[in-house]
Amino acid sequence: MKKLISLLLAVILLCSVAALASGSGFGLGTMYVYTENGKGLNVRSTPDVADNIIGSVKYGGAVNVTEFQGNWAVIEWGDTVAYVQKRFLQWYVPDPRPAPRPTEKPDDGKDAELRSEVPVDSIRLEARATRASGWVNMRIAPSKNTRRVQTCSDGTELIAFGETTNWFHVTDPATGNSGYIRKDFLTVMPAVSPVVDEETQIGTLDVNGKFLLQGKIPEGYKLQVISSRKSKIIATLVSEDVSKPQMMLTIAFNDTYSDVERLNDLTDEEIETLKTSYTDMNEVAFSEAQTASGTKLLVARETGADEDFVSILSLYKGYSVEFVLSPNQDAASPILTDAQIQTAIDFLSNLDFIPLN
């Protein structure tokens, strides 16, 4: 979860002011824990994500920061020093997070909207902001009086899987969040048809004329290309069975790896840097696999108390190929099974990266 650019600029400015006030940059002062999911922040004995947690600070809690070391903040912790991830700190007390209200009694308008909902076949949408603020609210239910799940900037690509009289039930592929957005603030995008051999169930994607990505679609799923523009392809593997996990495939050109042929070409140090981009409030377990063509896959699994999230990443010809697996929101359990994860790994392991001249 990333903070808004404006907030980052504000933090940088305040850091500069604090450094000037102290005269040396040492003894930066009091900062406060801010996490968008409202969870506490792990305190660690060393500046790395490992088995080194020595405590935690609750959301909104204050810590005394003595210095910054890269992405880490050094804090006073009793009679010693400790480390927390700098991106979860800010210089002012955050607003209290609204508590989820799953048993909230809906108003009559929301009830009517919910009753009118029908499933739709992965409609591609873009957020269309009509205010100067440039963002659109995604809400937990089809009513403006319900809790906000997230804000979507103008042009954010979304996927609708349900439709009410006045709202679309959508998911944001970038965050994995789902909720409702009024139709007034959405633009329906043209559909893009995938190439699928119905007999063999082999699906093929042309990645901007650079290479073909080809693989057998898992049983019980169908392939749908949601977006194919701006050097980025977003596709979903969809199943009507709610017990099956959601699968999202994103392929995007990445300037950082423009000279990289495959993930195999990265050094151990570069792999470790890549792994740190997956660290969040929860612990992440990493493993490796490879495709039929020998291209390495990095498997990152993040498990929390109420969520499970698996991301399988590879690189090919400068493109990041990322396959995200998460439980279906209607499934009985919010935790993925090993068999479901293996289905995703098998799918990617059997992919072929076919060069195009």
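The paragraphs below lead from the whole chain to its cores, then to a run of paired strands and finally to one helix.

The structure is a predicted model, and its protein chain contains 4 helices and 25 strands. Of the 357 residues in the protein chain, 42% count as buried, while the chain as a whole exposes about 19,000 Å², of which carbon and sulfur atoms supply 51%. When contacts in the protein chain are considered between residues at least 6 apart in sequence, 57% of them join residues at least 24 apart.

Turning to the interior, the largest nonpolar core has 31 residues, and those with the most contacts inside it are Leu213, Leu237, Leu249, Ile251, Ile312 and Phe323. Helix 4, which spans residues 338-349, gives the largest share of this core, with 5 residues. A second core, separate from this one, has 15 residues, including Leu28, Val63, Ala73 and Leu89. To follow the largest core in the model, a reader may begin at Leu249: leaving aside residues up to four places away in sequence, Leu249 touches Leu205, Leu213, Ile233, Ile234, Ala235, Val321, Glu322 and Phe323.

The next stop is a set of strands. Strand 4, made of residues 62-69, pairs with strand 5, made of residues 72-77, in the antiparallel sense over 4 bridges. Within this pairing Gln69 stands opposite Trp72 in strand 5, and the hairpin that strand 4 and strand 5 form has 2 residues between the strands, with Gly70 taking a positive phi near 65 degrees. Strand 5 also pairs with strand 6, residues 80-85, in the antiparallel sense, here over 6 bridges. In this second pairing, the bridge partner of Glu76 is Val81 in strand 6. Strand 5 and strand 6 likewise form a hairpin with 2 residues between them, and Gly78 in its turn has a positive phi of about 65 degrees.

The last element is helix 3, which covers residues 268-276 and whose buried residues are Ile271, Leu274 and Lys275. These buried residues lie on the same side of helix 3, because they cover an arc of only 100 degrees around the axis. On the face of helix 3 that is turned away from this buried side, the reader will find the exposed residues Glu269, Thr273 and Thr276.

Definitions and conventions. Residues numbered from 1 in each chain as written. Predicted model: local features only at pLDDT ≥ 70, side-chain atom pairs only at ≥ 80, totals over all residues. Heavy atoms only, no water. Core = buried A, V, L, I, M, F, W, Y, C linked by side-chain atoms within 4.5 Å. Buried < 20%, exposed > 50% of the residue type's maximum accessible area, 1.4 Å probe, protein only. Contact = heavy atoms within 4.5 Å. Pairing = 2+ DSSP bridges. Areas by Shrake-Rupley, 256 points an atom, 1.4 Å probe, with all protein chains shown as cover. Arc of directions from axis to C-beta.
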